[in-house]
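Here is a brisk report on one protein chain. Keep the sequence and the structure in view while reading.

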Amino acid sequence: MALNWKSVTAEHVNEALRTVSARQLKDRDAGIVILHQGRRLPAKDVLRTAYQLANGLANEATIKFSS
C-alpha cells in the first residue's frame, strides 16, 4: 500500500521532532539528519513518527520507505 504523505502536517512534524528528540540518547553522526534545536536527529525516525501521528498508527506499526 502506498503511503499518503498528504495527511502529515507541520504540527505532526513538530510533535515527531519532540518525540524523537526525547527518546534519542545521542546525536546522529552519519546518514541523513534533521537539525533541531542544536540536535542531529535521524530523518527517517522523524518522518516515520510524523506519519504514525498523522494517520493514528501505533508506534509499533511498520512503515517502509526509502530516502
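## Salt bridge within α1

Glutamate 15 and arginine 18 sit in the same helix, α1, three residues apart, which is about one turn of the helix. The model is a predicted one. The two side chains form a salt bridge, with the closest N and O atoms 2.8 Å apart.

How exposed are the two partners? Glutamate 15 is partly exposed, with a relative accessible area of 33%. Arginine 18 is also partly exposed, because its relative accessibility is 46% and that class runs between the 20% and 50% cut-offs.

## The other salt bridges

How many salt bridges are there in total? The count comes to three. Besides the pair in α1, one joins arginine 48 to aspartate 45, with the closest N and O atoms 3.3 Å apart. Arginine 48 and aspartate 45 both belong to helix α2. They are three residues apart, about one turn of the helix. Arginine 48 has 24% relative accessibility and counts as partly exposed. Aspartate 45 has 26% and falls in the partly exposed class too.

Aspartate 27 and arginine 39 form another salt bridge, at 2.6 Å from N to O. This pair links distant parts of the chain, 12 residues apart. Aspartate 27 lies in the loop between α1 and β1 (33-36). Arginine 39 lies in strand β2, residues 39-42. Aspartate 27 is partly exposed, at 29% relative accessibility.

## Helix α1 and its two sides

Helix α1 has 14 residues. From its first C-alpha to its last it reaches 20 Å. That is close to the 20 Å expected at 1.5 Å a residue.

Which residues of α1 are buried? They are Ala16, Leu17, Val20 and Ser21. Seen down the axis of α1, these buried residues fall within an arc of 125 degrees, so they line one face of the helix. They pack against β1, β2 and α2. On the other side of α1, Glu11 and Ala22 are exposed.

## The nonpolar core

The largest nonpolar core has six residues in all. They are Ala16, Leu17, Val20, Leu41, Val46 and Ala50. Two elements, α1 (10-23) and α2, each give two or more residues to this core. Which element gives the most? It is α1, with three residues.

Alanine 16 is a good place to look at this packing. Alanine 16 lies in helix α1. Its relative accessibility is 0%, so alanine 16 counts as buried. Leaving aside neighbours within four places in sequence, alanine 16 is in contact with Val46, Thr49, Ala50 and Leu53. The C-alpha atoms of alanine 16 and valine 46 are separated by 5.5 Å, though the two residues are 30 apart along the chain.

Now take the view from valine 46. With neighbours within four places in sequence left aside, valine 46 is in contact with Ala16, Leu17, Val20, Ile34 and Leu41. Four of the names on that list, Ala16, Leu17, Val20 and Leu41, are also core members.

## A buried glutamine in α2

Glutamine 52 lies in helix α2, which spans residues 43-55. Is glutamine 52 buried or exposed? Glutamine 52 counts as buried, because its relative accessibility is 6% and the cut-off for buried is under 20%.

What does the side chain of glutamine 52 reach? It reaches the backbone oxygen of alanine 61, at 3.3 Å. Leaving aside neighbours within four places in sequence, glutamine 52 is in contact with Leu57, Ala58, Asn59, Ala61 and Ile63. Alanine 61 thus appears both as the partner of that polar reach and in the contact list.

## An exposed glutamine with positive phi

Glutamine 37 lies in the loop between β1 and β2. Its phi is near 50 degrees, a positive value in a residue other than glycine. Most residues other than glycine have a negative phi. Glutamine 37 counts as exposed, with 73% relative accessibility.

Note on methods: Residues are numbered from 1 along each chain as its sequence is written. This is a predicted model: local features need pLDDT of at least 70, side-chain atom pairs count only at pLDDT 80 or more; totals for chains, interfaces and linings use all residues. Side-chain values use heavy atoms; hydrogens and water are left out. Helices (H or I, at least four residues) and strands (E, at least two) are DSSP runs, numbered from the N terminus. Buried means under 20% relative accessible area, exposed over 50%, partly exposed in between (1.4 Å probe, protein chains only). A polar contact is a pair of N or O atoms within 3.5 Å; within protein, one must be able to donate a hydrogen and the other to accept it, and residues adjacent in sequence count only if both atoms are side-chain atoms. Contact means heavy atoms within 4.5 Å. A nonpolar core is a set of buried Ala, Val, Leu, Ile, Met, Phe, Trp, Tyr and Cys residues joined through side-chain atoms within 4.5 Å. A salt bridge is a side-chain nitrogen of Lys or Arg within 4 Å of a carboxyl oxygen of Asp or Glu. The expected span of a helix is 1.5 Å times one less than its number of residues. The arc is that of the directions from the helix axis to the C-beta atoms.
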